[in-house]
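Thank you all for coming; I would like to walk through one structure with you this morning, going region by region. Please have the sequence and the model open while I talk.

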Amino acid sequence: MEPTEAAEEERLVQCPVCLQELPGADINAHLDRCLQAGGAQPEPPSKRPRLAAAPPGSQAEGQPEQARPAAGSPVFSLFHKGRGGGQSPAAAGGRSGAGRDEAAVQPGHGCAAALCGESLAHKLQGKPLAERLRPDTLGDYVGQEPVLGAQTLLRSLLESHEIPSLILWGPPGCGKTTLAHIIANSSKKNGMRFVTLSATSAKTNDVRDVISQAQNEKRLFKRKTILFIDEIHRFNKSQQDTFLPHVECGTVTLIGATTENPSFQVNAALLSRCRVIVLEKLSVEAMEAILMRAVRFLGLRVWGQGDQHGTPATGSSSKSSEFPVYIEEKALNTLAYLCDGDARTGLNGLQLAVQARVATGSTTTKGGAADGILITEEHIKEGLQRSHILYDRAGEEHYNCISALHKSMRGSDENASLYWLARMLEGGEDPLYVARRLVRFASEDIGLADPLALTQAVAAYQGCHFIGMPECEVILAQCVVYFARAPKSIEVYRAYGKVKECLRMHTGPLPPVPLHLRNAPTRLMKNLGYGKGYKYNPMYKEPVEQDYLPQELKGTDFFKERET
């Protein structure tokens with residue numbers, strides 16, 4: 001050992017948490033243990049906290065106040081000004097993460113009232129509520145029971161820390177990023193490396209750098225690397241090809257999150273190396289559980305159910321906020337429905353409503369109860385402005401909704417037809433796209449049962465083209481209801497399909513046009529027999545017996561239904 005290294009180990013370093021003096025080589029491990037313990041170690045009798053403030057009235061004559069410790073004062077209280085006494089750095093900041101209830105203020109502290117009064121405003125500031133309440137463990141994860149419920153394959157793999165390459169596919173706010181966050185916490189505790197990239201900002205070089213580091217980690221330290229790519233569908237096909245050999249050989253475990261159908265947006269070769277996990281939008285019950293968790297975190301009272309769901313975030317003795325904050329039970333139920341299974345929209349909508357009401361400071365008295373700030377259903381609706389409609393004009397939902405509209409009209413369900421039409425138009429769909437689909441429907445599903453249907457569809461298209469949205473919505477509604485009520489016939493559609501099948505299945509050269517059906521504009525064509533023997537139908541009073549199909553297809557009836 002070199003003399004400098006020996007001197008480094010023998011030099012004592014003081015721990016800033018418990019003030020113990022330890023060799024320099026051991027200070028890092030000791031400091032980690034101190035911080036993980038959640039509080040400061042008991043102070044040695046021989047040590048005096050140099051930065052602690054003495055209580056009022058205990059200052060000795062001629063002695064500076066900063067030089068004397070006060071009993072029960074926290075170590076390094078300079079860095080915790082405004083917080084309750086006796087809190088260690090870990091205890092002061094260890095409860096601010098997502099998925100944790102608010103820190104309870106212990107009675108008897110000098111700054112307890114101030115902390116109570118400032119806690120609600122503090123919780124509403126900084127990160128969005130959806131980010132602060134993000135769960136850290138699978139036990140706190142709400143929803144997606146078919147995928148992550150007890151005894152499911154994915155949950156068993158995650159609990160055993162055997163994480164395969166995954167593609168998480170689901171609508172916004174269903175828990176894709178949260179699940180990746182939980183996997184990150186679990187992997188770091190088990191010695192694995194977790195790297196996060198977003199396809200909206202990352203480049204191919206960034207991916208190559210992560211893969212190069214993963215190769216070094218695996219070769220030198222036998223350490224696995226998990227790479228999480230948010231919005232992986234934003235990567236083009238060549239960028240996605242970068243992952244292929246490294247996922248194949250296990251250099252990285254890939255976890256991708258996408259709101260688009262992986263069948264269309266992710267390489268087939270990459271899909272074959274990953275397991276696709278389909279996450280559905282959250283149910284109303286799951287949304288209510290998530291919102292109640294937020295209510296408990298903010299310390300709100302639920303009006304109409306007593307106070308069993310939460311304690312007030314502001315104490316009665318608080319000078320900065322005298323009134324408790326209430327939220328109607330009906331408001332929470334409405335929010336759970338309006339957010340359409342999007343937890344991010346629900347939590348941020350709740351945060352916006354609470355912030356707006358607390359900022360105005362207006363109080364309400366109900367049922368003889370004490371004055372307080374009340375958040376009603378109207379405040380929730382005002383914060384969301386309108387129902388949160390999930391619709392992506394360029395994604396799978398676009399095709400799902402038009403398919404539902406087509407099938408509803410075919411089934412003569414006028415109510416469902418109007419619903420799916422409004423779902424698309426209110427979601428921002430181009431009305432001309434819908435009108436073009438109606439023109440197709442008029443001939444495909446109604447056909448000769450009501451020949452005026454095609455006229456209705458073309459007129460609707462022209463009306464939409466002339467006046468646009470929102471005035472043209474009633475034109476499309478009229479056309480949709482007309483089609484739903486009209487008689488249906490697929491006779492023409494089916495017959496034309498048989499003709500196409502006949503052409504595809506024909507072997508050899510296609511049969512020539514019969515000579516008597518050919519036009520003969522020149523003398524040469526007439527000499528060759530073009531048009532010879534053709535019977536001009538208007539010249540005959542009786543039906544004309546004449547063949548119009550090629551000789552090979554004579555007697556074929558494309559309108560005759562096949563025997564089943």
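**From a loop histidine to the cores**

Let me begin with His233, which sits in the loop between strand 5 (225-230) and helix 10 (237-241). Please keep in mind throughout that what we are looking at is a predicted model. Is His233 buried or exposed? With a relative accessibility of 13%, His233 counts as buried, because the cut-off for that class is under 20%. Its side chain makes a polar contact with the side chain of Thr258, at 2.8 Å. If we leave aside the neighbours within four places in sequence, the residues in contact with His233 are Thr258, Thr259, Glu260 and Gln265.

Next, the nonpolar interior. The largest nonpolar core is made of 34 residues, and within that core Leu291, Leu300, Ile327 and Leu350 have the most contacts. Several elements give two or more residues to this core, among them helix 4 (112-124), helix 14 (284-298), strand 9 (325-328), helix 16 (343-360) and strand 10 (373-375). Which helix gives the most? That is helix 14, with nine residues in this core.

For a closer view, take Ile327: not counting residues up to four places away in sequence, Ile327 touches Val295, Leu300, Arg301, Val302, Trp303, Leu332, Leu350, Leu374 and Ile375. Separate from all this there is a second core, of 26 residues, which includes Cys401, Leu425, Ala435 and Cys464.

Now to the charged pairs. How many salt bridges does the structure hold? There are eleven salt bridges in the structure, and I will take three of them in turn.

In the pair formed by Arg134 and Glu131, the closest N and O atoms are 2.9 Å apart. Arg134, at 10% relative accessibility, counts as buried, whereas Glu131, at 33%, counts as partly exposed.

The second pair is Lys330 with Glu377, where the closest N and O atoms are 3.4 Å apart. Because Lys330 lies in helix 15 and Glu377 in helix 17, this salt bridge ties together parts that are 47 residues apart in sequence. Here Lys330 is exposed, with a relative accessible area of 52%, while Glu377 is buried, at 11%.

The third pair is Arg410 and Glu444, whose side chains meet in a salt bridge at 3.7 Å, N to O. Arg410 belongs to helix 18 (residues 396-410) and Glu444 to helix 20 (residues 431-446), so this pair links parts that are 34 residues apart in sequence. Arg410 counts as partly exposed, at 39% relative accessibility, and Glu444 is buried, with a relative accessible area of 11%. This pair also belongs to a network of salt bridges in which Arg410, Arg440, Glu444 and Asp445 are linked.

That brings me to helix 18 itself. Helix 18 has 15 residues and reaches 21 Å from its first C-alpha to its last, which is close to the 21 Å expected at 1.5 Å a residue. Which residues of helix 18 are buried? They are His398, Cys401, Ile402, Ala404, Leu405, His406, Ser408 and Met409. These buried residues of helix 18 pack against helix 19 (414-426), helix 20 and helix 22 (473-485), and one of them, Cys401, is included in the second core that I mentioned earlier. Finally, helix 18 is followed by Ser412, whose phi is positive, near 60 degrees.

I am happy to go back to any of these regions in the discussion.

Definitions and conventions. Residues numbered from 1 in each chain as written. Predicted model: local features only at pLDDT ≥ 70, side-chain atom pairs only at ≥ 80, totals over all residues. Heavy atoms only, no water. Core = buried A, V, L, I, M, F, W, Y, C linked by side-chain atoms within 4.5 Å. Buried < 20%, exposed > 50% of the residue type's maximum accessible area, 1.4 Å probe, protein only. Helix = DSSP H or I, 4+ residues; strand = E, 2+ residues; numbered from the N terminus. Contact = heavy atoms within 4.5 Å. Salt bridge = Lys/Arg side-chain N within 4 Å of Asp/Glu carboxyl O. Expected span 1.5 Å × (residues − 1). Polar contact = N/O pair within 3.5 Å; in protein donor to acceptor, adjacent residues only side chain to side chain.
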